[in-house]
Amino acid sequence: MTSNDNMTTTNTSVDIKCVIVQQTFTGKRELKVTTAPKPPPPGDGEVLIAVKACGINFNDVLVRYGLLEESPRPPFIPGFECSGEILDIGTNVTHLDRGDRVLVLTRFSAWAEQIVVKKDFVFKIPKEMTFREAAVLPIAYLTAYILLFEIGNIKPGQTLLFHSAGGGVGVALTQLSKLVPNLTIMATASPHKFDVLRAHIHYLFEHDIDYTEDIKKITPEGIDLVLDCMAGDDCERGLDLLKFNGKYVMYGTSSLLSWDVKNLFGITKGMTNWWQNDKISCLRLFQDSKSIHGFNLIQLLQYGSNDTRRYLSDIMHKVFLLYKEGKIKPVVDSVFTFEDVNSALGKLVERKNIGKVVIEPFVNAKAEKVKKVKAGGASGHQDSSSTSGPDDDDEKDPEEVRQSSSSNQ
């Protein structure tokens with residue numbers, strides 16, 4: 001939907017199901033499943049889409065707790081990515097048609113049964129790609145591709161360090177990094193994810209334990225590229241680990257929720273540590289010949305120019321090509337209905353997911369199969385060049401067993 005106004009809890013024949021962020025009388029934010037009026041016909045340069053699946057990102061968690069800057073005022077429909085089928089197109093839309101299977105990037109409004117969006121970030125998906133794969137592809141793989149190849153300019157023989165290896169972007173980074181010959185891959189993750197990840201990453205470290213000394217023993221000269229989605233203490237550690245002429249890129253702030261989000265003191269403590277990143281010295285960067293960058297895909301979607309839109313579109317088509325060639329494969333950790341959205345976000349807050357979590361307006365009896373991530377491999381330095389990274393097998397996910405009376409897909 002292009003507007004978040006006039007949302008109601010009354011069902012009519014023209015209502016659509018959606019998830020909204022609402023604010024209680026006490027000021028607390030909540031996610032609620034409700035209905036909203038069916039979107040109007042698409043206007044100039046717009047597309048009407050029947051949503052089949054929506055991806056969940058850590059920014060959605062920040063939105064839920066009011067920690068993402070420039071969020072709309074509640075009530076509003078959240079969500080940044082989804083997939084579905086085109087129901088109708090407006091004028092001056094030439095590259096899309098009714099019935100096309102597409103994925104969508106949008107700044108909020110994705111978590112609804114139908115949405116109207118601008119044509120700029122609506123992409124036809126490969127015929128081999130499922131709706132669930134498409135729903136979790138754009139943010140994770142656009143981000144990972146730009147971090148590695150556009151900003152990071154990673155080269156063969158270099159060393160890479162990134163965090164949250166089991167998350168959506170982490171899995172994408174793992175898979176895309178296999179395209180670079182002789183690249184040493186280091187990452188942090190929660191220890192319960194090690195069995196799955198260690199077959200694909202050369203060196204794994206527990207994030208909550210200071211990993212700097214261990215890394216310095218492995219590579220005394222330092223790291224070429226550090227990709228940081230955590231901020232907080234990891235910013236200082238990342239800069240310390242960089243080698244001469246190395247690059248540090250911040251692309252997230254998930255350490256904001258490293259403390260109990262239900263505890264005001266915990267959030268305040270987390271934000272205090274995060275704000276310490278403002279103390280980085282430009283003189284120190286000059287003296288050490290290091291560089292620091294920031295990347296925020298969601299902001300680009302909001303404020304990017306026509307050149308930015310073309311740039312992102314070009315990279316998306318490169319990602320599609322890699323998918324068709326079998327070099328990448330989006331990993332769906334689990335699938336929930338809109339009614340279970342709080343449980344879905346809880347997986348990210350508790351860092352239990354490997355890959356992306358999906359929510360869908362309805363559960364269809366013939367819905368696409370959810371697959372588990374493979375585990376395997378021994379600890380230590382592994383030769384993982386023969387695999388694209390954590391991927392799927394044929395075991396059904398327990399979340400798929402959910403029953404629903406709806407089949408509106």
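**Exercise 1.** In this predicted model, decide whether Ser-164 counts as buried, partly exposed or exposed.

*Solution.* The relative accessibility of Ser-164 is 24%, and because buried means under 20% and exposed means over 50%, Ser-164 counts as partly exposed. As for its place in the chain, Ser-164 lies in the loop between strand E8 (159-162) and H4. Its backbone deserves a second look, since Ser-164 has a positive phi of about 50° although it is not a glycine. Most residues other than glycine have a negative phi.

**Exercise 2.** Determine where Phe-108 is placed, and whether Phe-108 counts as buried or exposed.

*Solution.* Begin with the location: Phe-108 belongs to the loop between E5 and strand E6 (114-118). Next take its relative accessibility, which is 4%, so that Phe-108 counts as buried. Finally, examine the backbone, where Phe-108, although not a glycine, takes a positive phi of about 70°.

**Exercise 3.** Classify the mutual orientation of helices H3 and H11, and describe the residues that make their contact.

*Solution.* Helix H3 (residues 138-151) and helix H11 (residues 306-324) pack with their axes 10 Å apart and at an angle of about 100°. Angles of 65 to 115 degrees count as roughly perpendicular, and H3 and H11 are therefore roughly perpendicular to each other. On the H3 side the contact is made by Pro-138, Tyr-141, Leu-142, Tyr-145, Ile-146 and Glu-150, while H11 contributes Tyr-311, Leu-312, Ile-315, Met-316, Lys-318, Val-319 and Leu-322. Sorted by character, the residues of this contact comprise 11 nonpolar, no polar and 2 charged.

**Exercise 4.** Check the length of H11 against its expected span, and establish what covers its buried residues.

*Solution.* At 1.5 Å a residue, the 19 residues of H11 should span 27 Å, and this agrees with its end C-alpha atoms, which are 27 Å apart. The buried residues of H11 include Thr-308, Ser-313, Phe-320 and Tyr-323. Among the elements covering the buried residues of H11 are strand E5 (101-105), strand E7 (122-124), helix H2 (131-136), H3 and helix H10 (297-303). Just after H11, Gly-326 takes a positive phi of about 80°.

**Exercise 5.** Assess the burial of Arg-198 and identify the side chain joined to that of Arg-198 by a polar contact.

*Solution.* Arg-198 is located in the loop between helix H5 (194-197) and strand E10 (203-206). Its relative accessibility is 19%, and Arg-198 therefore counts as buried. The side chain of Arg-198 is joined to that of Asp-195 by a polar contact of 2.5 Å.

Key:
Residues are numbered from 1 along each chain as its sequence is written. Side-chain values use heavy atoms; hydrogens and water are left out. Axes are lines fitted to C-alpha atoms, for helices over the stretch in contact, and angles run from 0 to 180 degrees between N-to-C directions. Helices (H or I, at least four residues) and strands (E, at least two) are DSSP runs, numbered from the N terminus. Angles under 35 degrees count as roughly parallel, over 145 as roughly antiparallel, 65 to 115 as roughly perpendicular and the rest as oblique. Contact means heavy atoms within 4.5 Å. Ala, Val, Leu, Ile, Met, Phe, Trp, Tyr, Cys and Pro count as nonpolar, Asp, Glu, Lys and Arg as charged, and the others, Gly among them, as polar. Buried means under 20% relative accessible area, exposed over 50%, partly exposed in between (1.4 Å probe, protein chains only). A polar contact is a pair of N or O atoms within 3.5 Å; within protein, one must be able to donate a hydrogen and the other to accept it, and residues adjacent in sequence count only if both atoms are side-chain atoms. The expected span of a helix is 1.5 Å times one less than its number of residues.
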